[in-house]
Every structure is written in structure tokens, then in C-alpha cells.
Amino acid sequence: MAQVRYFLHFNKEALDRLKEDPNFFSDPDNRVPIKFGLTVNKKRLKLTTRLFINPNNWDKHRRKVTNKEPFADYINDTLQLIQEKVFKMSISARSGDKPGTYEYFKEELTRFIEMAGDETVIGKDTQAFFLKTFEEFLDDSTDKGDSTIRNYRNTLSQLKRFCQKYDQTLSFSNINKAFVDKLLRFYFKDLRITRNTAGKHLKNLRAFLKDSFDKKYHTNKYFELIEVYKDKSSIIFLKPEEVRSIRDIELNRRVLDESRDIFLLGVYTGLRHSDIIRINRSMVDGDFLNFIAKKTQNAQRTYINKHAKRLLEKYDYCMPTTSVQVVNRHLQEIAKLANLNREVTITRYIGREPVEEVKPIYDVITTHVAKKTFVTLYFQQGGRMETLMKSTGNTDRETMKHYLKMTSKGEKDEIDRIMDELDF
């Protein structure tokens with residue numbers, strides 16, 4: 001009858017760390033897997049239990065974990081279940097009900113271990129494992145842009161700060177309503193970030209938790225209940241005369257002229273800065289630009305209108321590659337020179353508290369204002385949503401409806417026509 005023998009597996013990485021630091025395993029977060037072996041038809045079969053423990057908590061004589069180990073009872077129960085499974089398989093093999101081959105034992109025990117318990121890698125739910133898994137998530141996000149990866153890293157950085165300040169353990173099993181509520185208080189009370197920014201962090205956390213759940217690193221499905229804030233932000237856009245003021249102002253520095261042209265091309269097409277600086281002749285297909293949008297990784301086809309064509313021809317369809325930070329800094333200088341002093345109100349929410357700021361246009365202008373200007377003016381002139389979304393690559397109809405509410409040209413035209421026909 002096959003006898004199960006449990007043992008701890010020290011891989012090369014663990015052994016190397018132990019050489020560097022003899023006290024490596026004094027940290028309870030440093031763990032190794034429990035494996036087991038048995039002989040089937042004179043062949044030695046070795047499998048992992050998917051259980052991880054700190055070696056200091058292993059009773060090598062009794063082949064079980066001590067009570068110092070988290071989940072000790074669960075781990076010992078699982079080891080007992082594996083032993084009982086092997087015993088039953090051996091009885092079935094002897095009676096001829098099941099094959100007693102090496103291949104059968106290996107396949108059946110592997111399946112049993114994967115399905116056992118809650119499919120969690122028990123004993124690995126530590127902060128060290130959480131952080132290592134997050135790094136793996138970043139490495140696997142090859143379909144994401146650089147800015148998205150930076151946002152993910154920022155989320156992880158804020159999580160570390162939160163846990164350090166409020167003595168929280170960053171582990172999969174700890175993510176629950178209480179954890180998220182405390183995290184939101186940290187965002188709003190300590191960092192004073194807006195609900196939209198907090199929502200982006202929660203969205204990133206949720207994406208990571210779902211990915212690790214799909215990989216069976218944990219079974220905590222609370223991530224499905226995490227709500228993401230998305231307040232409608234203030235739409236700051238330029239009026240046609242303000243666009244003309246920026247277009248016509250004399251600039252005595254080439255870098256300012258290039259930043260202005262990048263901004264104007266955004267106003268004329270609704271393209272993002274990240275796509276404008278990548279334009280080249282290979283994208284041109286008649287009156288359209290065909291390319292893969294950097295942010296969404298989706299195929300996009302944007303019409304080259306006469307205003308855009310004039311600018312693209314100026315640069316021989318190869319726009320300057322000035323960074324967004326530099327362009328934004330130049331834009332504020334240009335807008336000031338163009339006397340764009342119109343005051344706008346910016347409303348943000350920090351928790352439930354609305355915070356309003358009144359600033360001149362030149363203080364808040366960015367490359368994103370170019371896209372907002374294109375969308376707003378397009379709707380003001382009665383443009384159709386479907387055409388706009390195809391050309392700009394926008395996929396969120398709710399966001400587009402927000403712009404429609406700002407313009408409502410169709411409603412204005414219809415009401416004016418009806419009221420003009422009435423004889424009061």
C-alpha cells in the first residue's frame with residue numbers, strides 16, 4: 001500500500017537567500033511549499049500540496065505544522081485528506097476497481113489537490129506574496145500602455161502607504177468592506193484626492209484582484225462588490241474665438257510654435273496627445289489616418305479635415321514628439337500671451353465634499369482641453385455621436401452624453417423653431 005511522506009521543498013532561490021541571510025526564515029512571511037512523495041509500482045511520485053508554511057513551524061517528526069502557523073488546522077486537515085485519498089486509491093487498485101498505475105495516481109492526485117478546499121494557495125496569503133503577485137500582474141500587462149502601468153504602480157504605492165500608516169496587512173483575505181472603507185478615508189482625509197482619482201485607484205485594485213482570482217491565487221470575490229467612483233468632471237473647452245486667438249498669436253520660439261500646433265491638431269481632430277506625436281505618413285490612407293490608439297490599443301480611423309491637413313502638411317505628416325508635460329507648460333504660457341483670461345469654475349469632490357475653484361483659462365489649459373474643445377464644438381454644430389465616436393476612438397457613450405448635455409443644440413434649435421411659429 002502506498003505510503004505518503006510529507007516534506008518541505010527548499011528551491012534554489014530559498015537556499016540562496018538563506019546563504020545570504022541565515023535568519024531569512026525568522027521573517028514569518030518567508031515560506032516554502034509542502035510537498036509529498038509516494039512510491040507507485042517502484043516509481044517515486046512527487047507532488048506539491050499547494051500549501052506553503054514557514055519552516056520554523058514544521059514538526060518534522062510528526063510531519064505536520066505546529067499551531068504557530070496561520071491556518072494550521074486547515075493545513076493539517078488537508079494533509080490528512082491527501083493521506084486518506086491515497087489510502088482509498090490503493091484499496092481500489094488492489095481490488096481491481098481502479099488502475100494502480102503511476103500515471104493514474106499522478107493524474108488523480110493532481111486533480112484532487114487542485115479541487116481540494118477553496119482552491120486557495122493556503123499559507124501564501126501574506127503581504128510579501130500579495131506584492132510579488134502585483135509585480136507579476138504588471139509584468140503580464142503587455143497590452144497596457146506606459147501611462148496605465150504607471151497608474152497601476154501609483155495605486156500599489158498608495159496601498160503600501162495606507163497599510164504602513166494604519167497598520168493594515170496587504171493580503172488577499174483582508175480585502176473586504178472594512179478595508180475599502182478605511183482606504184477611502186485615507187484617500188479623502190489624508191491624501192485629499194478627488195473621488196475620481198480614488199475611483200481610478202479602486203478600479204486598478206479591482207483589476208488586479210480579478211486577475212489574481214482568475215489565476216487561483218485567492219478565492220476572495222469581494223472585488224466584485226468594489227464600487228468605482230466616476231463623477232462627471234467639469235468640461236473646460238475653448239470657444240472658437242479663443243482657438244483663433246491661440247492660432248493667430250505671434251510666437252518667437254520654435255518650441256512654443258510646435259506645442260501650439262500639437263494642441264491645435266487636437267482641437268481639429270479630437271486626437272489625444274499620445275497619438276498626435278506618433279503620426280507618420282504610413283498612417284495616411286487618403287483622407288484618413290489609420291492607426292492603433294496608444295491608450296485603448298484599438299484600431300482607429302480618423303478623418304483629416306482641411307484644418308488638420310494644413311497642420312500635417314506643415315510638418316510633412318510627422319508631428320513634433322514633445323512630451324505632454326512640456327506641451328502643457330507651453331500652453332499655459334501661450335494662453336497667457338493670447339489673453340485667455342475667461343474665468344471657469346472647476347468642481348471636484350473629495351469624499352462627499354464639493355470643492356469649487358475659479359481660475360482663468362490660461363491656468364487650466366492642457367492638451368486634454370483640445371479634445372474637449374473638439375467634442376463640444378462638434379456637438380454645438382449638430383454633429384452626430386456615432387460619427388464622433390468613430391473618429392475620436394471614444395467608446396463610452398455616457399461620457400459623450402455628458403457633452404451633449406453641455407451643448408443641447410438640437411433641443412435649442414427645435415424649441416426656437418416651435419416658439420417662433422407660435423402666435424402669442
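What share of the contacts in the protein with a separation of 6 or more comes from residues 24 or more positions apart? In this predicted model, the figure comes out at 62%. The chain behind that number has 424 residues, and 43% of them count as buried. As for secondary structure, the protein holds 17 helices and 10 strands. Its exposed surface adds up to about 24,300 Å², with carbon and sulfur atoms supplying 48% of that area.

One small piece of the strand content is an open sheet built from 3 strands, which run in the order β6-β7-β8 with antiparallel pairing. At the edges sit β6 (284-285) and β8 (299-303), each of which pairs on one side only. Looking at one of the pairings in more detail, β6 meets β7 (residues 288-292) in the antiparallel sense, and 2 bridges link the two strands. Within this part of the sheet, Val-284 has Leu-289 of β7 standing opposite.

On the helical side, His-330 is worth a look. This residue belongs to helix α12, which covers residues 324-337. Is His-330 buried or exposed? With a relative accessibility of just 8%, His-330 counts as buried, because the cut-off for that label is anything under 20%. Leaving aside residues up to four places away in sequence, His-330 touches Arg-253, Val-255, Leu-256 and Ser-259. With Ser-259 there is also a polar contact, side chain to side chain, at 2.7 Å.

Then there are a couple of backbone oddities. Most residues other than glycine have a negative phi. Lys-42 goes the other way, with a phi near 65°. This lysine is placed in the loop that joins β2 (32-40) to β3 (43-53). Lys-42 has a relative accessibility of 84%, so it counts as exposed.

A second lysine, Lys-216, also has a positive phi, about 65°, despite not being a glycine. Where does Lys-216 lie? Its place is in the loop between α7 (195-214) and α8 (240-248). Lys-216 has a relative accessible area of 41%, so it is classed as partly exposed; that class takes in values between the 20% limit for buried and the 50% limit for exposed.

Notes. Residues are numbered from 1 along each chain as its sequence is written. This is a predicted model: local features need pLDDT of at least 70, side-chain atom pairs count only at pLDDT 80 or more; totals for chains, interfaces and linings use all residues. Side-chain values use heavy atoms; hydrogens and water are left out. Helices (H or I, at least four residues) and strands (E, at least two) are DSSP runs, numbered from the N terminus. Buried means under 20% relative accessible area, exposed over 50%, partly exposed in between (1.4 Å probe, protein chains only). Contact means heavy atoms within 4.5 Å. Accessible areas come from the Shrake-Rupley method with a 1.4 Å probe; for residues, only the protein chains shown count as cover. A polar contact is a pair of N or O atoms within 3.5 Å; within protein, one must be able to donate a hydrogen and the other to accept it, and residues adjacent in sequence count only if both atoms are side-chain atoms. Two strands pair if DSSP finds at least two bridges between them.
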